[in-house]
Amino acid sequence: MDHETERVNELLSTVVDPEIPVLTLADLGVIREVHCDKGSVQVTITPTYAGCPAMHAMRADIESTLAKAGYRDVTVRQSLSPAWTTDWMSEDGRKKLRDYGIAPPAGTSCGKTIERIECPQCSSEDVKQISEFGSTACKALYQCRDCLEPFDYFKCL
Amino acid sequence: MPDLQQKLLNYCIALGDDSLVLGHRLSEWCSNGPFLEEDLALTNVALDFIGRARFFYSYAAELDSKGRSEDDFAYLRDCRDYRNFLINELPNGDFAFTMARQLMVDTYDMLFYQRLQHSSDATLASIACKAIKESRYHLRRSRDWIVRLGDGTDESHTRSQNAFNELWGYANEMFDMPDDEVQLLDTGIAVNRAALRQDWDHAMTEVLEEATLEVPANDWAIGGGRQGMHSEHLGFMLAEMQFLQRSYPGLQW
């Protein structure tokens with residue numbers, strides 16, 4: 001990786017998810033490619049969910065972060081393939097989610113039985129699903145049967 | 001514009017229309033859901049469909065020789081230009097009706113997008129890869145609901161059965177291939193929808209049986225959506241959905 005790409009990557013690592021601000025876009029696995037060429041930058045992102053309203057904000061945040069650092073020629077393009085999966089979420093990101101009170105995705109990818117969702121408050125595995133969807137498309141609503149706290153679970157996709 | 005590209009454009013528009021029209025219908029549940037969590041769920045599913053519509057319309061905009069944008073496709077076409085299946089435009093009815101339709105569409109979507117993933121058109125294939133992941137949990141939810149409603153109280157059972165009886169004849173259209181699509185099929189772009197019927201029937205029968213519901217008789221069918229022949233309902237829906245762009249042309253957020 002050349003020096004400029006490294007610098008751009010560093011700048012991008014400060015851009016956070018507008019709805020879950022403890023996660024950076026890199027933690028989420030949304031940034032797929034960075035290409036620098038003589039001052040112009042092309043960033044490829046992939047949407048988490050097809051209709052995720054945060055994608056627009058992410059795009060704008062990437063552009064403004066790079067613009068503030070002096071990059072005027074920035075293109076953010078979207079790629080759909082390979083489709084985003086929670087498997088790309090970093091270990092660090094999973095830990096940050098848990099500390100924030102959101103249970104990180106359990107197991108790998110979608111379609112299989114959901115395994116071992118832990119209450120982010122008391123770590124109990126005795127939890128129940130309240131609703132397939134929480135405050136955003138990427139989360140489901142759960143409740144802990146031990147400490148009785150309701151919590152968001154970041155779904156496996 | 002070459003003939004094949006025109007057909008591909010029409011194909012993208014039709015797939016976008018299916019998603020947008022159902023997405024809009026689901027969004028009408030916003031603040032009307034039976035309880036808060038369900039309100040959130042219905043509108044999140046609505047967002048998935050609207051997002052899917054945007055992928056198809058964006059691709060259509062790339063193919064279009066008239067330079068139309070995704071917004072032009074959504075907001076500046078009238079009923080006769082819309083190509084969605086009729087089942088998607090029917091008013092929501094009660095919760096049982098909404099979930100019965102959802103089960104029928106989600107079951108179809110799973111089969112359809114599984115095939116479209118292998119389209120020779122790379123963009124369509126990538127949209128399908130994205131869509132199928134979402135349809136998978138849409139289906140998990142609509143299936144659970146129908147089993148709960150069908151195998152629930154007398155009231156929820158009756159309402160669910162009525163919903164399927166009323167909807168069943170709309171399924172036919174989903175498996176009816178117009179000539180244009182047959183040509184796209186020959187080039188490996190489109191999906192042979194006619195071949196999905198058997199799997200769809202099988203999957204639906206399995207869920208309805210578990211829900212203690214009867215599979216309605218296949219003795220009536222209605223179609224025409226892919227030819228732009230719609231029910232009266234779509235016009236009212238578009239009048240509301242397109243209001244801002246019609247009243248304030250070119251308005252942007």
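**Exercises on a two-chain predicted model**

A salt bridge (a side-chain nitrogen of Lys or Arg within 4 Å of a carboxyl oxygen of Asp or Glu) joins the side chains of A:Glu132 and B:Arg140, at 2.7 Å from N to O. This is a predicted model, in which local features need pLDDT of at least 70 and side-chain atom pairs count only at pLDDT 80 or more, while totals for chains, interfaces and linings use all residues. Side-chain values use heavy atoms, with hydrogens and water left out; residues are numbered from 1 along each chain as its sequence is written, and chains are lettered from A in the order in which they are written.

**Exercise 1. Describe the interface of chain B and chain A by its polar pairs, its residues and its buried area.**

Step 1. The rule finds 1 salt bridge across this interface. It also finds 7 residue pairs in polar contact, both at pLDDT 80 or more (a pair of N or O atoms within 3.5 Å, where within protein one must be able to donate a hydrogen and the other to accept it, and residues adjacent in sequence count only if both atoms are side-chain atoms).

Step 2. On the side of chain B that touches chain A, α2 and α6 of chain B are the elements giving two or more residues (helices are DSSP runs of H or I with at least four residues, strands runs of E with at least two, numbered from the N terminus). By class, that side has 8 nonpolar, 3 polar and 9 charged residues (Ala, Val, Leu, Ile, Met, Phe, Trp, Tyr, Cys and Pro count as nonpolar, Asp, Glu, Lys and Arg as charged, the others, Gly among them, as polar).

Step 3. The contact (heavy atoms within 4.5 Å) takes 24 residues from chain A and 20 residues from chain B. About 2,000 Å² is buried between the chains, and carbon and sulfur atoms give 66% of this area (the accessible area, with a 1.4 Å probe, that two parts lose on being put together, summed over both). Of the area that chain B buries against chain A, B:Lys130, B:Lys133 and B:Tyr137 supply 31%, more than any other three residues.

**Exercise 2. Summarise the fold of chain A.**

Step 1. Count the elements: chain A has 4 helices and 7 strands.

Step 2. Read along the sequence, their pattern is α-α-β-β-α-β-α-β-β-β-β.

Step 3. Along the principal axes, the C-alpha atoms of chain A fill a box of roughly 55 × 25 × 25 Å.
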